[in-house]
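This report looks at the aromatic side chains of one protein and at how their rings are placed relative to each other. Please keep the sequence and the structure in view while reading.

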Amino acid sequence: MALVLEFDSRISTYGSEVFKLLVDNQKFTPDFGAITFDNKQLHIEVHHSELTNQKYLDKIVKFSNFLEERGQTLVFLSEKTLTKTRILNLKMLYRYLEVDPSPYLHILTQLPFSSTLAELTEELKQLMPEPQGPVCHRIAALALIAHSYYWFDDSKPLEQSTPIKKVLIA
């Protein structure tokens, strides 16, 4: 979940188990807390669907209602949203968050709207020939994806043939 929050451009800050609630002698500590850039407070509970029973769901509803009355939101997620493929993609892209995308932004308008990872790498090679070779261009392509200049369906593995689309920034 931390990786998902790290890549979510709506989130300004987050932490794990930052909030403890006691309502009607029932305790609840959501797994994560987050604040969005528009100052909305989110509380995120991650729970495996096979371990979810009616008693647990009733507790989630109670605390969700409690938080909503205070203008906050409880988000409930399971492995159906946080799939292994999605997590593997985010783990792979995480290191490219450290790569500064600014050297590539001046050619962003020249890059294709729809492409694949391999095609984007090749376009970068054509537009920015560098002595370091194709590895550098692949790093640039992955950095543009990690920094959300390009989008892909993260429910599928990110591979050379993965379709990607440029994100339109308003």
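Is Tyr-56 buried or exposed? In this predicted model, Tyr-56 has a relative accessibility of 13%, and because buried means under 20% relative accessible area, Tyr-56 counts as buried.

Tyr-56 also belongs to one of the aromatic pairs, of which a search of the whole structure finds two. The other pair joins Phe-28 and Phe-63, whose rings are stacked, with 4.9 Å from centre to centre and 25 degrees between the planes. Since Phe-28 lies in strand β3 (residues 26-28) and Phe-63 in helix α2 (residues 54-68), this pair ties together parts that are 35 residues apart in sequence. Phe-28 is buried, at 4% relative accessibility, and Phe-63 is buried as well, with a relative accessible area of 0%.

The partner of Tyr-56 is Phe-76, and because their planes stand at 50 degrees, with the ring centres 6.0 Å apart, the pair is tilted. Here too distant parts of the chain are linked, for Tyr-56 is in helix α2 and Phe-76 in strand β6 (residues 73-77), 20 residues apart. Phe-76 is partly exposed, with a relative accessible area of 31%.

The two pairs can be set side by side:

| Pair | Centre to centre | Angle between planes | Arrangement |
|---|---|---|---|
| Phe-28 and Phe-63 | 4.9 Å | 25 degrees | stacked |
| Tyr-56 and Phe-76 | 6.0 Å | 50 degrees | tilted |

A further contact involves a charge and a ring: the charged end of Arg-70 sits over the ring of Phe-66, at 3.6 Å from the centre of that ring.

Notes:
Residues are numbered from 1 along each chain as its sequence is written. This is a predicted model: local features need pLDDT of at least 70, side-chain atom pairs count only at pLDDT 80 or more; totals for chains, interfaces and linings use all residues. Side-chain values use heavy atoms; hydrogens and water are left out. Rings of Phe, Tyr and Trp (its six-membered ring) pair if their centres lie within 6.5 Å; planes under 30 degrees apart count as stacked, over 60 as edge-to-face and the rest as tilted. Helices (H or I, at least four residues) and strands (E, at least two) are DSSP runs, numbered from the N terminus. Buried means under 20% relative accessible area, exposed over 50%, partly exposed in between (1.4 Å probe, protein chains only). A charge sits over a ring if NZ of Lys or CZ of Arg is within 6 Å of the ring centre and within 35 degrees of the ring normal.
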